[in-house]
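Work through the exercises below with the sequence and the structure in view. Each task is followed by a solution in steps.

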Amino acid sequence: MEGLGDSKLKHGSETMKNNEDSHSGPAWNLAELLERVDNDQELLRDLLNIFKEDFPPTMRSLESAVAAEDLKNAARLGHTLKGMLSSLGGVRTAAAAARLEVIATAGETASLKGALDALKCEAASLLPELEAYMAEVRH
């Protein structure tokens, strides 16, 4: 019988495969995000500024949780990051956060560090795109 963890790992593998398939695409879907905020540039800047403040401490907390093999907090923080990134159109990075959440929820401590490294790699692609956009729209 397939357990809940097995099901989540399978889903996580599919998420990761989709993530790998889309790795060549843009790290950020600006068009989707602009549509979501009804082309309100000021609102978008505000959302990006909030993200810029919240993302680094959340990532630091996640790194600490992974280092301590604190699966409950790693799963919670992965979920938080997945939502934060999804709402901003950071599709690939959100998928990496989802994968980490699934791995932590399933109790796969052996895979946790690799999932964190993948998330950091995706974030390293996403953050410069966000910064460049913010620099373009500053008045």
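**Exercise 1.** Determine whether Lys113 is buried, partly exposed or exposed, and find its salt-bridge partner.

Step 1. Lys113 has a relative accessible area of 48%. Buried means under 20% relative accessible area, exposed over 50%, and partly exposed in between, with a 1.4 Å probe and protein chains only. Lys113 is therefore partly exposed.

Step 2. The model is a predicted one, in which local features need pLDDT of at least 70 and side-chain atom pairs count only at pLDDT 80 or more, while totals for chains, interfaces and linings use all residues. Residues are numbered from 1 along each chain as its sequence is written, and side-chain values use heavy atoms, leaving out hydrogens and water.

Step 3. A salt bridge is a side-chain nitrogen of Lys or Arg within 4 Å of a carboxyl oxygen of Asp or Glu. Lys113 forms one with Asp117, at 2.9 Å from N to O.

Step 4. Asp117 is partly exposed too, at 36% relative accessible area. Both residues belong to helix α6, four residues apart, or about one turn of the helix. Helices are DSSP runs (H or I, at least four residues), numbered from the N terminus.

**Exercise 2.** How many salt bridges are there, and which parts does the pair Lys82 and Glu101 tie together?

Step 1. The count is six salt bridges.

Step 2. One of them joins the side chains of Lys82 and Glu101, 2.9 Å from N to O. Lys82 sits in helix α4 (residues 71–87) and Glu101 in helix α5 (residues 91–105), so the pair ties together parts 19 residues apart in sequence.

Step 3. Lys82 is partly exposed, with a relative accessible area of 25%, whereas Glu101 is buried, at 15%.

Step 4. Glu122 and Arg92 also meet through their side chains in a salt bridge, 2.8 Å from N to O. Glu122 lies in helix α6 (residues 109–137) and Arg92 in helix α5, so this pair ties together parts 30 residues apart in sequence. Glu122 and Arg92 are both buried.

**Exercise 3.** Compare the span of helix α3 with the expected one, and locate its bend.

Step 1. The expected span is 1.5 Å times one less than the number of residues. For the 27 residues of α3 (residues 41–67) this gives 39 Å, and the end C-alpha atoms are 38 Å apart, which agrees.

Step 2. The bend at a residue is the angle between axes fitted to the seven residues ending there and the seven starting there. In α3 the bend is about 30 degrees at Asp54, and Pro56 follows within four residues.

Step 3. The buried residues of α3 include Leu48, Phe51, Phe55 and Leu62.

Step 4. After α3 comes Glu69, with a positive phi near 55 degrees.

**Exercise 4.** Classify the ring pair of Trp28 and Tyr133.

Step 1. Rings of Phe, Tyr and Trp (its six-membered ring) pair if their centres lie within 6.5 Å; planes under 30 degrees apart count as stacked, over 60 as edge-to-face and the rest as tilted. The count is two aromatic pairs.

Step 2. The ring centres of Trp28 and Tyr133 are 5.2 Å apart and the planes stand at 70 degrees, so the pair is edge-to-face.

Step 3. The pair links distant parts of the chain, 105 residues apart: Trp28 is in the loop between α1 (4–21) and α2, and Tyr133 in helix α6.

Step 4. Trp28 is buried at 7% relative accessible area, and Tyr133 is buried at 8%.

Definitions and conventions:
Helix = DSSP H or I, 4+ residues; strand = E, 2+ residues; numbered from the N terminus.
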